[in-house]
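Please look over the structure shown below, with attention to where nonpolar side chains lie. The report that follows takes up the surface before turning to the interior.

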Amino acid sequence: MPESRPKCRAGRDGLTDRDARNGLVGTAVAVVVWGLAGVVIKLIDMDPMAIGFWRFLPYSLVIAIWLIARRETPSWRVMRASAAGGVCLGLDVILFFTAIKLTNVVNATTIGAMQPVVVAVAASRMFGERIRRADIIAASAAFAGVIVIVVESAGTPQWSGAGDLAAFGTLFAWSGYFIFSKKSRGVITSTEYSFGTGLWTATMCLVAGFVFRQNMSFPKVDEWIWFAILIFGAGILGHTLMNWSLVRVPLWLGSTLTLLVPVIGAISARLWLDEPLTLLQVAAMFVVLGALAVIVNRQRADASVATVAAEPTV
């Protein structure tokens, strides 16, 4: 009697098809809420470092309460294991929040989203991930669309060269955060990693705020609705889901899907901040969305996204 085919096959990293599918869904949800976060940050009338501190401190406390409830008391071991990722995330937040305040939302989110170029190299050399030519072509098309979006924004009233420079710095900080998130697997849990990186980020924002003489005062009552959205949306839903997903999908794939962030950011900025969008930018957004759809559909069709090597690789 023939053997029945297993519903979920484990790849060489011990993850099943279901893990990969769940990781794709988690990544998609995370990048959507991150795309909306830029508008929320823009709406808060506070200095960038203050926003970063009051966004990540409560987030870390919520995660800590969750860990304690599960009898997983946060420890110095967790802080050590999450230090590298926390420093990268802290730098990213400092630079990104500054960029959001100085330049338009489209540029701030788009420039940082170019990190798949950096991450693809790291994924290949550090984790042995193989990227198929078809996926590279689709990712390149998405990357080209992102470039069009940012170039078209130059010279608009909301544009700032200094803001774009800060956003460029996030490219490397954000890439480092992704890489260390992947490396944390098997060392600490994704929840512990979220707590540690969040607390490191809050600490860095506090120090940077005092160094640059920014107002770090407690937010006004009417500002807390926006902070709640950042804490539970971009934080609990975004960062925690992404940290959980990155140990279930290839690093390059999770990174590439973040190209959706500037598309969501541009649309939301147009709707709520009246930031202009040209027809060329809209066309570029469709290119990005189409290319990412191709990549995701190919990944979903694989028996295991982390182990496919049937097609030519580079």
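## An exposed tryptophan

In this predicted model, Trp272 has a relative accessibility of 56%, and because exposed means over 50%, this residue counts as exposed. Trp272 is found in helix 12, an element that spans residues 260-272.

## The nonpolar surface patch

Trp272 belongs to a nonpolar patch on the surface, of about 480 Å², which is made together with Val32, Leu36, Ile267 and Leu271. Two elements, helix 1 (17-43) and helix 12 (260-272), each give two or more residues to this patch, and the largest share, three residues, comes from helix 12.

## The nonpolar core

In soluble globular proteins, nonpolar side chains tend to be buried together. The largest nonpolar core of the model has 79 residues, and Trp34, Ile51 and Phe178 are those with the most contacts inside it. Helix 2 (residues 48-69) supplies the largest share of this core, with ten residues.

When residues up to four places away in sequence are not counted, Ile51 touches Ile41, Ile44, Met46, Phe97, Lys101, Phe227 and Leu230.

## An enclosed helix

Helix 5 (residues 105-112) is largely enclosed by the rest of the structure, because eight of its eight residues are buried, a term that here requires under 20% relative accessible area. The buried residues of helix 5 are Val105, Val106, Asn107, Ala108, Thr109, Thr110, Ile111 and Gly112.

Definitions and conventions:
Residues are numbered from 1 along each chain as its sequence is written. This is a predicted model: local features need pLDDT of at least 70, side-chain atom pairs count only at pLDDT 80 or more; totals for chains, interfaces and linings use all residues. Side-chain values use heavy atoms; hydrogens and water are left out. A nonpolar core is a set of buried Ala, Val, Leu, Ile, Met, Phe, Trp, Tyr and Cys residues joined through side-chain atoms within 4.5 Å. Buried means under 20% relative accessible area, exposed over 50%, partly exposed in between (1.4 Å probe, protein chains only). Helices (H or I, at least four residues) and strands (E, at least two) are DSSP runs, numbered from the N terminus. Contact means heavy atoms within 4.5 Å. Patches are made of residues with over 30% relative accessible area and no salt bridge: like charges are joined within 9 Å, nonpolar side chains (Val, Leu, Ile, Met, Phe, Trp, Tyr) within 5 Å. Accessible areas come from the Shrake-Rupley method with a 1.4 Å probe; for residues, only the protein chains shown count as cover. A salt bridge is a side-chain nitrogen of Lys or Arg within 4 Å of a carboxyl oxygen of Asp or Glu.
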